[in-house]
Every structure is written in C-alpha cells, then in structure tokens.
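Biologist: Could you walk me through this one, starting with how far to trust it and then going on to the rings and the strands?

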Amino acid sequence: MSISKTAQTKPQPLPKDEQSAADTLDEILASYRGDKSELISILQRTQLEMGYLAEESLNRIAVFLDLPSSTVFGVATFYAQFKLRPIGKNVVKICRGTGCYVKGAPRILAEFEKELGINDGETTEDLEFTLETVACFGCCALAPVVVVNEDVYGKMTTDRVKEILDTYKEKKDDE
Amino acid sequence: MSNNKENNANIESATRTLFVCQGTGCVSGGSKKIYEALVKEVEAANLDDVKVDITGCHGFCQRGPIVNIEPDGYFYAEVQPEDVHEIVQSHLVNGQPVERLFYHDLTTDEPIPLYHDVPFYEKQHRLVLRNCGHINPERIEDYMEAGGYQAIQRVLSRMTPDEVIAEIKESGLRGRGGAGFPTGQKWQFCRSAPGKEKYLICNADEGDPGAFMDRSILEADPHSVLEGMLIAGYAIGATHGIIYCRAEYPLAIARLKIALAQMKEHRLIGDKILKSNFDFDISIKEGAGAFVCGEETALMASIEGERGMPRPRPPFPATSGLWGKPTNINNVKTLASVCRIMEKGASWFSSIGTEKSKGTAVFALTGKIENSGLIEVPMGMTLSDIIYGIGGGIPGGKEFKAVQTGGPSGGCLPASMLHLPVEYESLAAAGSIMGSGGMVVLDEDT
C-alpha cells in the first residue's frame, strides 16, 4: 500500500504506470482471502488482466499471501502458462503434440518463424506477436492445429500461415 | 410441397431437431455461423415444427462441422454456411435430403444418409459417449430426459455407501486414467480411512499428446461426469468434490460452470441433496499447464497452490491426500462409467469386455488415419478392427507402421501386433500400456 501512495505523489510518467498496475493488482487481490492455496488462481487472474507477471507483481502477491518470494517465483516458473516477460498482443500457439507432429507440425512452426522473424518462445519487437509451442490442444482430429489467441485453425498448411497472420495485422490497422 | 413430404416415408412429420455440433473441432470449422444461419433459414421458411439446437462433440471431428437431424437420424458432414439454405429448403421443406452432404463410404463412395449406418459409428459401442452429440450439454433438462440423475436418485434413496462400493466392485470397473486399478477397491480404501473430512477429485488434466477423450466428454455431456462424482462422493463419504481441469480446455471449463449452476438450481449439489442426508459440493480448479499434474500427488500439490511436483508414497492419497485428508482421485471416463453402472447394474456392465477388462474403452484415434476422432469400443476389440474397421485404415494407400498407445508413457506397437485385443493385460504384455486412451497411428513415412 505504501508503495502506491509514494508513487501517487510523484507525477512522473513511469510511476504513474506503476501506480495503475498496483491499483489493478490491488483490485484483483481484494477478491481473495489470502490463503496460500489461492496462489495459482491469483497468478492466472493477474496474468489475464495485466498480460504477464512482472517481478513487482510477484513480490506483492508474496506479501499478500505471506509467502517467501522464492515460493511465488518457484510456482510461477514451474507452470508453462505463466509468462514473466511481456508478451505480444497476439499469441500464436503451435501444437507439437504427437498427432500434430506426425501430420507436419515442425514445417508449420518453421513457416511461422520465417514469417514473423522470431523463434519459438519469442515476441516480435513491436509486441504484436508471440510465438509459442504447446504439447497438445486435444483436437488431434484436426491436426496440425494452430491456435491464435482463442481462434482454432485446424488441418493447417504452410501456405495459410501468411494469410492467417495478415488477418491479425489487419485487426490492428482497424483499431 | 406437402405432397413431397407425405411421399417420402423417411421423413417424419413429428417435431424435428437440427443439432449443430459446437465442440472445439466443429467450432473451428465455423459451426457457430452454421447455427446462426440455420436459425434464420428455419425462421424464414416458417417451419414451426423444426427446432435448431446445439450439441457437444460427436467425436468425428475430421468430418466436421456436423449437423444431425433427430429423431430421423440424418447425418450431414463437412457442412458449410452456404449449404444451410439447401438443407432447409430441400430436406426440411421439400423432403429431399441433400445427398452430396452425406458421409460417403471410403471405398465404394456410396452416400450414407443415417448416423448409425456410418461405419465409423456402426462398429462402436457407446456407453460413456452415449449422450455425446445427441443432447444439448448446456441444458440439464436434456440430460434428465435422457435418463440423467436417476442413478443418483436410486443410490441416495435405496443404497448404503457400502452397497454402492460392492456394486462397483462387482462390475469389474477399472481406472480409465490408464493404470487400470479396480475402482471399487480404490473407493473402499478411502471409505475405510479414518477422518471425517474427505475429498473426491475428478482428474480432468488430460495431458497426453494425442488424447482428447476427456475434453470431448466434458464438452458434450458434463452432467454424466458430475453425476458420477456425486455417486463416488457418497460412496467414499466425501463432502467436497474438485474437478481439476487443464486450462487449455476453456470450452470444457465453461460448460462445467454452466452445469454446476444448473445442479445448484435443481438442488443436486449443496446440503441435503435430493432430500437425503448427503451434503456434497463441487468446485472447479484450473490447471496451469504442467504435464506432470495428471499424476495424483502432483495434481494435489497443484490444487494446494504449490509447484506440481509428485510426492513420494506412502502415505497414499486414500489415507493422506489433499490437505492431508483422505482423498480419492478418479478419471473423467471412470466417473462417467460409474453413472452407467449404477443405472443399468453391475452384471450388465461386466457382460461387456473381456475376462479381466470389463466394459468399454474410449480412444482418441489420430495421426495417419482416414477417420480420426473419438471412439468407444468394447474391451478386447483387436487393434486391427479399430484401425481398419472404425478408422478406415491409412490414407493414400500407405502402409501401417505402428500405433502409439498410452501417450508418452506407453509404447509403439508394430504391424505384427495388429491382432492384439485391446485390454489392460495384453497391451502391458506387449510392452505398451492402455493409458488414458490416446492412439496415434504412424504410416510408412513417419
């Protein structure tokens, strides 16, 4: 709490961001009891609303749950879902599960890497796209599968990669 | 037009329902648009006796989006929004089903109009998947109309927990998560463990690549699993149930939430369920993306908010599990099977399958196979019958090389083992495992 008050009295651009981030996190935490079993669910909500888990956020959550920071970091780094760095507006997830692998997932991944100019796990410099691979979406009948944000693309082929990325680039232009 | 209707004996004049599949697979193929277009077209055609509704996954995602017409049993595959007008005008108004949208036999190219004649379904034995694709998963009334919640009613009004456990033991049901431990015995351990507070966990952290059985069931028939949880909770003496579902399955989680709210309205969870003395609550816990959390002790660590690391056993979860309390963990398919057993009886269930593996097995058939999708077969069916009979064989006239069963912890079975009956013992003897139900087929090029 004291951190946010200090930030408020200093009218500088960066602390202002920190202030709003702290407010958002306070709002999130307000709906929890403070029991340590809530940790994963708090991390999920925080990431959903703030995009990723910043170091300051993790420290505040540790204080809130009365846990050592190391425990909170330990949990945040254990689960694949949690991102400790900012991610792109659009997240492209390529399935590399057995079903998709057999049906050519590595070629699809290579095409996305080529088009975006980044490797698996990286984010483009303009923070538009993050490229990830996942173990299995469980829609193997549609293999190979790519999920962009919440849209599922089944029976993927390399020649659809550019077209799909373009639809998300257009969305940006519309805004 | 009315003449046509009367002339066509296949078309019933009674109320018909157009079911549009809204499973993850069909949605990705545009089935939401198909649903909207159908509603509009049916309205425009003034067809008062026709309803448009949704279902969960049929299991035949490869031929999606799927539209089926009940009670006639027509089956339209790979439907596109532009086909909707023709379906409504030709089939519903004029009584002429649209042949080009039927499933076509892979070898003869013969059009197959009815659902139960499609080879993919014809050779299956659907107990656990009975409702999948035939009811609206977002309406508890549909589930009840299909006989749902009668089992729990019978259990609570006429049976003691020990009698329920005895019935499950007699049925021969074994854990469908993969290891095949006898379910009744597992329940007995937890029931006998000292302590007033006990937990029942439904393991829906389906992590094996190539497996989507649990997702499909939760999306298409969530109440079957929830009713199974009530029965299991009553049998072991638990007061709280938790579904641990992986976060990669947003639609399954959404449907579970809807189902739980409806159960609450109907007083099927909470205190004094169905006016009995049984109090039971169910909550959902979302996983956060860790394959290992499908393992019982890691799963419990994750629910407790910790890193999902497996813990050494003993103590076993049955005596000291979640929060140190006696805990019983069952797979989604196990709990759905429990429902069927309590509905139809142990001897009915044990009459299906082989000597040591009773009932049916649900598999996700994927990889280099003509008909990939979700299937359910009696235990003991041979790999060859599954891959060639139901799966339609390998595409492009290629040679079968191997099939992986049991996911990464299982093994690859070569062509020389195609004659193997699929059951716990035979797969283990061949060096693989039954696993939770993934079956990935590899061809000569893989």
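**Confidence, rings and strands**

Modeller: In chain B, pLDDT (the predictor's confidence in each residue, from 0 to 100) stays under 50 over residues 1-13, and for that stretch the model has 20 contacts beyond four places in sequence, a contact meaning heavy atoms within 4.5 Å. This is a predicted model, in which local features need pLDDT of at least 70 and side-chain atom pairs count only at pLDDT 80 or more, whereas totals for chains, interfaces and linings use all residues. Residues are numbered from 1 along each chain as its sequence is written, chains are lettered from A and ligands numbered from 1 in the order in which they are written, and side-chain values use heavy atoms, with hydrogens and water left out.

Biologist: And what is the mean pLDDT of chain B?

Modeller: The mean for chain B is 92, with 97% of its residues at 70 or more, and the model scores ipTM 0.78 and pTM 0.88.

Biologist: OK, rings. How many aromatic pairs are there over all chains?

Modeller: A search of the whole structure finds 17, where rings of Phe, Tyr and Trp (its six-membered ring) pair if their centres lie within 6.5 Å, and planes under 30 degrees apart count as stacked, over 60 as edge-to-face and the rest as tilted. One of them is the edge-to-face pair of Phe60(B) and Tyr121(B), at 5.9 Å centre to centre and 90 degrees between the planes.

Biologist: Where in the chain do Phe60(B) and Tyr121(B) sit?

Modeller: Phe60(B) is in the loop between β2 (50-55) and β3 (67-70), and Tyr121(B) is in helix α5 (residues 119-122), 61 residues apart; helices (H or I, at least four residues) and strands (E, at least two) are DSSP runs, numbered from the N terminus.

Biologist: Are Phe60(B) and Tyr121(B) buried or exposed?

Modeller: Phe60(B) is buried, at 0% relative accessible area, and Tyr121(B) is buried at 8%, given that buried means under 20%, exposed over 50% and partly exposed in between (1.4 Å probe, protein chains only). Ring pairs also link both residues into a cluster with Phe75(B), Tyr103(B), Tyr115(B) and Phe120(B).

Biologist: Switching to strands, why is β8 of chain B called largely enclosed?

Modeller: Because 5 of the 6 residues of β8 (residues 240-245) are buried, the strand is largely enclosed by the rest of the structure.

Biologist: Which strands does β8(B) pair with?

Modeller: Strands pair if DSSP finds at least two bridges between them; 6 bridges join β8(B) to β7 (residues 199-204), running parallel, and 6 bridges join β8(B) to β9 (residues 281-286), also parallel. Cys202(B) has Ile243(B) as its bridge partner in β8(B), while His240(B) stands opposite Asp281(B) in β9(B).
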